[in-house]
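Subject: Structure handover

Hello,

Here is the structure you asked about. Please open it alongside this email, and my notes follow below.

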Amino acid sequence: MGDAEKKMLPIGIESFEEIRTEEFYYVDKTFMIKELLRRRGKVNLFTRPRRFGKTINISMLKCFFEINGDKSIFDGLAISRETALCEKYMGKFPVISISLKSANGADYATARSLMCSVIGNEAMRFYDLLDSNKITVEEKEVYRQLIAVDQTGQNIYAMSDVVLMGSLKTLSILLEKHYGRKAVILIDEYDVPLAKANEQGYYGQMIVLIRNMFEQALKTNESIYFAVLTGCLRVSKESVFTGLNNLKTYSITDEECSAGFGFTDEEVSRMLDYYGLMGQHDVIKQWYDGYCFGDTDVYCPWDVISYVDKLQVKPNFPPQDYWTNTSSNDVIRRLLEKANASTREEVERLIAGESIVKMIPEDLTYRELYDNIENVWSILFLTGYLTRRGEALGNMYRLVIPNREIHNIFMLQIRDWMQKKAREDGERLKEFCEAFKKCNGEKVQSLLNEYLSETVSIRDTAVRKELKENFYHGFLLGLLRSKEEWKVISNRESGKGYADIVIEILHERTGIVIEVKYAEDGKLEAGCMAAMEQIEKMDYAQYLYSDGMKKIIKCGIACCRKDCKAVFEEV
């Protein structure tokens, strides 16, 4: 099969129907339908980190169960071989399918309006209810309130709290009357409105809305066959699942349906073989594998699909941090901001490739998330920043950073946090920068050692030397860029290579070239000498001379964990 005949990868496509009808490449997860039907509860909650296939699986379930759906889109897939099951369940139910991902307003009124829009748009799919002879006039009026139109089709209704809270139950009752079959309810990203409400200060109002909607739709509703919800966290206790004793949770620690989210190594290998990219397997495994769901090791699907798509255009394209751009990574900053000396030591162990043991409560409310440092560890685990290794002992888990991509996220967040802390003391930062201009090696290393002693160090294990050097390079760069009147450039081509940091103090016609080394063996003096020799050998000062600088300062800096040394030479 030539490249032109290869299926496209579904970048950003979350519709199962579109993937199948437009012939995009699909990693078959339809076996999950059999597992769900065999083990399901009345209400089923799947908790997984973002970008692990929750939305596409909800779409798959909708296509499978929905009355009058296109059965042919399952041809050739795993579920199509389950003949008896397909005859009993496929295309047999009215399906209510909503995503609460977009109901994330900056205030309650906006979020509520967005919720009404989500419900109204889904209700509109069943417009033929208005022509049904099985629905009473009064029930049709209630339905019009769901779709926000009057008898002429004019958009005039504002959904009341009573109607909104009962909307899913009302719609399922009407659908059962019309079709003579109980409804299946699918709710994707159920906890997004709660997360946003917690951030923006209207959590109490949103909890009341979500709790009432769910209790009516999922607990006191005789018109549902079963329901499936997805989210990142199980928000419980006094929260949305209060009294919902028919809930079955499939979390990242459960073995049931564990392979339904994420890509297994076999699935990734099959994809790479299809696109002729098997040579990239080890790199992709290093960067995007490492997650453990139940008893299954998985890759992040979003990362794999995104990277394989790039490799088809540019076979030597380097791996990227695709997951970083899908979240603010605020949870890592929260951890660092709350960290005491013991927590910082645990972070150092994680980024060194070691493990830590933590108690992980899975049942939290959003109000509790950042109450204490132990809850933050739970969030890091449940949202995919950490994963487990080995068997759990009760709710005690051995946690590690799963892969290179997440390691990079930690390193970037740690560096940014360290820079932020350093900038909080403006006078000390000013003194630090001025010490470079004055060639004061003792002052530079004294203040840099102070900064490092207050933050997180990079240990001498797991992380490659060049990554350690990049970390300290980036930290130093951020500090020096606080001098707005200085021109500070990173990795500037000069002479025979690229200097780590080049500074031009234009009004003084002074140039500074800095090379940073990581001293693996702790020999800081030798590290500084190696840095100075590299500056000389590679002629890094050439750019500064050609740019009109009259005074040139060369600086070699060596770091090892929380210690550093700096040497200067003025020419």
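Does Lys29 count as buried or exposed, going by its relative accessibility? Lys29 counts as buried, at 5% relative accessibility. More on its partner shortly.

First, what you are looking at. This is a predicted model. The average pLDDT of the chain is 91. A score of at least 70 is reached by 96% of the residues. Confidence varies among the elements. Strand β3 (residues 183–188) has the highest mean pLDDT, at 98. Strand β10 (residues 363–364) has the lowest, at 74.

**Overall layout**

The chain has 571 residues, and 57% of them count as buried. Its secondary structure comes to 22 helices and 17 strands. Along the principal axes, the C-alpha atoms fill a box of roughly 95 × 55 × 50 Å. Take the contacts between residues at least 6 apart in sequence: 72% of these join residues at least 24 apart.

**Salt bridges**

Side chains of opposite charge can pair when their charged atoms come close. The structure holds 34 salt bridges. Three pairs are described here, followed by a network.

Back to Lys29. Its salt-bridge partner is Glu267, with the closest N and O atoms 2.8 Å apart. This pair links distant parts of the chain. Glu267 sits in helix α11 (residues 265–274), while Lys29 is in the loop between α1 (16–21) and α2. They are 238 residues apart. Glu267 is buried too, with a relative accessible area of 9%. Both values are under the 20% cut-off, so Glu267 and Lys29 are each classed as buried.

Helix α11 also holds both ends of another pair, Glu266 and Arg270. They form a salt bridge, and their closest N and O atoms are 2.8 Å apart. The two residues are four apart, about one turn of the helix. Glu266 is exposed, with a relative accessible area of 55%. Arg270 counts as partly exposed, at 45% relative accessibility.

The third pair is Glu520 and Lys468. Their side chains meet in a salt bridge at 3.1 Å, N to O. This pair also links distant parts of the chain, 52 residues apart. Glu520 is in the loop between β15 (510–518) and α21 (524–537). Lys468 is in helix α20 (residues 465–480). What is the exposure of each end? Glu520 counts as partly exposed, at 34% relative accessibility. Lys468 counts as buried, at 1%.

Then there is the network. Glu434, Lys437, Lys483, Glu485 and Glu508 are joined into one by salt bridges that share partners.

**A helix pair**

Two packed helices are described by the angle between their axes and the distance between the axes. Look at helix α2 (residues 31–39) and helix α3 (residues 54–65). Their axes come within 11 Å and cross at roughly 75°. Angles of 65 to 115 degrees count as roughly perpendicular, and α2 and α3 are therefore roughly perpendicular to each other.

Which residues meet? From α2 come Met32, Ile33, Leu36 and Leu37. From α3 come Asn57, Met60, Leu61, Phe64 and Phe65. The residues of this contact divide into eight nonpolar, one polar and no charged.

**Loop residues to look at**

Most residues other than glycine have a negative phi. Glu23 has a positive phi of about 60°, although it is not a glycine. Glu23 lies in the loop between α1 and α2, and counts as exposed at 55% relative accessibility.

Asp539 has a positive phi as well, of about 55°, and is not a glycine either. Asp539 is in the loop between α21 and α22 (542–546). Asp539 is partly exposed, with a relative accessible area of 31%.

Last, Asn155. Its place is in the loop between α6 (137–147) and α7 (161–165). Asn155 is exposed, with a relative accessible area of 62%. Leaving aside neighbours within four places in sequence, Asn155 is in contact with Ala148 and Val149. Its C-alpha atom is separated by 22 Å from that of Leu100, and the two residues are 55 apart along the chain.

Best wishes

Technical notes
Residues numbered from 1 in each chain as written. Predicted model: local features only at pLDDT ≥ 70, side-chain atom pairs only at ≥ 80, totals over all residues. Heavy atoms only, no water. pLDDT = per-residue confidence, 0-100. Axes fitted to C-alpha atoms, helices over the stretch in contact; angles between N-to-C directions. Parallel < 35°, antiparallel > 145°, perpendicular 65-115°, else oblique. Contact = heavy atoms within 4.5 Å. Nonpolar A, V, L, I, M, F, W, Y, C, P; charged D, E, K, R; others polar. Salt bridge = Lys/Arg side-chain N within 4 Å of Asp/Glu carboxyl O. Buried < 20%, exposed > 50% of the residue type's maximum accessible area, 1.4 Å probe, protein only.
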